[in-house]
Amino acid sequence: MRAVQARLPADGEPSVTVSPRKRRVLLAAVSAFVALGVTTGPALAGPAEPHLPISSATRAAEHPQAQALQAALLGLPDGEATSAVVRAGGRDGQWAGSAGVREVGRSGPALTQGRFRAGSVTKVVTAALVLRLAADRKVDLDRPIQRYLPGLLTSEFKPITVRQLLNHTSGIQPAVGAEIPWAERYAQRFDTIDPKAVVAAGIARGPEFAPGTQQHYLNINYTILAMLVEKVTGRSYAEGAARYVLRPAGMRNTSFPGTDPYIRGPHNRGYQLVDGERVDVTDWSVSDRLAAGDMISTLDDLERLLTSLFRGRIVPQPQLKEMFTVPKGIAGASKSAGLDRFEIHGTEAWGKTGARPGYNTAVVATRDLSRTVVYSVTGTDAHAQGLAVGMRFAFPAFR
């Protein structure tokens, strides 16, 4: 692998921008499709592949939305995904299901215990780590990052607190302003990019807005938080995450690959749909996404993270409230420290979605864990289809 610093990746996780009214219309349409057992997504070129039977084993009949959840899996592989593994839980019952293939063109159903790229679900771990350090008085959320990392920001920037990095109100800009074309991204998929170079490029662009006045979701905020963790602990980000989050939650199969572009261990292959053809995008370096989107995990581990975190086993309650607090006075703000606030069928839920080429992931639950859902989907256009994938595989659990 060659080191690259000249061309930096676009920040954040681009997705389709949808107005509240259009979101409601889309949700109603997809929910209707799910209820009827109709799959969505464009038809694929080439011969149709046989649909594999759904394997749903965990007390499926007990969950009130078992039928809708199972219907969402019908027809895989299709134009949206080649595999899906979904779990829904809470006080009303448990349900688990999977469908699709482990690898296109070869026999074998999708792995239910495989590893996958979790994308921005990584930010949940990072936020929990920083909040745990705050509970241990190693980090002050109201202290400017300039005090912890002197010289990182230029004099153009006003003081930016750790809390403002956590909730994406820092005003620091991304390294580049537009998404890199697909062909170029694919050609560079094995390149190693120093995350500090990404941060430096973003800082060089100057502030986008005054800290605390707007909310702009960007990876760069969490890469800087990783630098903060390393400064105050004297350890790497991965070591800090393992000590304060992964081990307390019992996440034994979660890792941060660094410059390694491969998913080590059993996994479902991921694909991008390009001009009607599936391109294998499983092997891909995420070296630039330190602490923001580089995590590899399993459904078991993410379920443990969700429940352990919400029950206060990782972050003490005084600091945990930061994860359920959206900044006030900012129009359109929906993100807290590491989580997003959702309203699904009139129910408030909190969680995080993640998208990397070939992989969509999500952890979503009500604050009291009365409804939970975790999924790993090998989506064929992970960024653009994020909303549709979530409505198809997760939203039925909250009806």
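## Contacts of T169 and salt bridges across the chain

Leaving aside residues up to four places away in sequence, T169 is in contact with Q164, F209, P211, G212, Q214, Q215, P327 and I330. The model is predicted. T169 belongs to the loop that runs between α5 (162-166) and α6 (182-187). The relative accessible area of T169 is 2%, so this residue is buried, the limit being under 20%. Its side chain also makes a polar contact, at 2.6 Å, with the side chain of N167. In sequence, 164 residues separate T169 from A333, yet their C-alpha atoms are 9.4 Å apart in space.

The second topic is charge pairing. Over the whole structure, a search finds 16 salt bridges. Three of them are listed below, with the N to O distance of each pair.

| Salt bridge | N to O distance |
|---|---|
| R392 and D78 | 2.8 Å |
| E303 and R87 | 3.0 Å |
| R132 and D136 | 3.5 Å |

Which parts of the chain does the salt bridge between R392 and D78 tie together? R392 lies in helix α12, whereas D78 is in the loop between α2 (66-72) and β1 (81-89), so the pair joins parts that are 314 residues apart in sequence. Both partners, R392 and D78, are buried. The pair is also part of a network of salt bridges that links D78, E80 and R392.

The helix that carries R392 is itself mostly covered: α12 spans residues 386-393, and six of its eight residues are buried. These are L387, V389, G390, M391, R392 and F393.

The salt bridge between E303 and R87 has its N and O atoms 3.0 Å apart. This pair, too, links distant parts of the chain, with E303 in helix α10 (residues 299-310) and R87 in strand β1, 216 residues apart. Are the two partners buried or partly exposed? R87 has a relative accessible area of 14% and is therefore buried, while E303, at 25% relative accessibility, counts as partly exposed. The cut-off that divides the two classes is 20%.

In the salt bridge between R132 and D136, the closest N and O atoms are 3.5 Å apart. R132 has a relative accessible area of 24% and is partly exposed. D136 is likewise partly exposed, at 34% relative accessibility.

Technical notes. Residues numbered from 1 in each chain as written. Predicted model: local features only at pLDDT ≥ 70, side-chain atom pairs only at ≥ 80, totals over all residues. Heavy atoms only, no water. Buried < 20%, exposed > 50% of the residue type's maximum accessible area, 1.4 Å probe, protein only. Helix = DSSP H or I, 4+ residues; strand = E, 2+ residues; numbered from the N terminus. Contact = heavy atoms within 4.5 Å. Polar contact = N/O pair within 3.5 Å; in protein donor to acceptor, adjacent residues only side chain to side chain. Salt bridge = Lys/Arg side-chain N within 4 Å of Asp/Glu carboxyl O.
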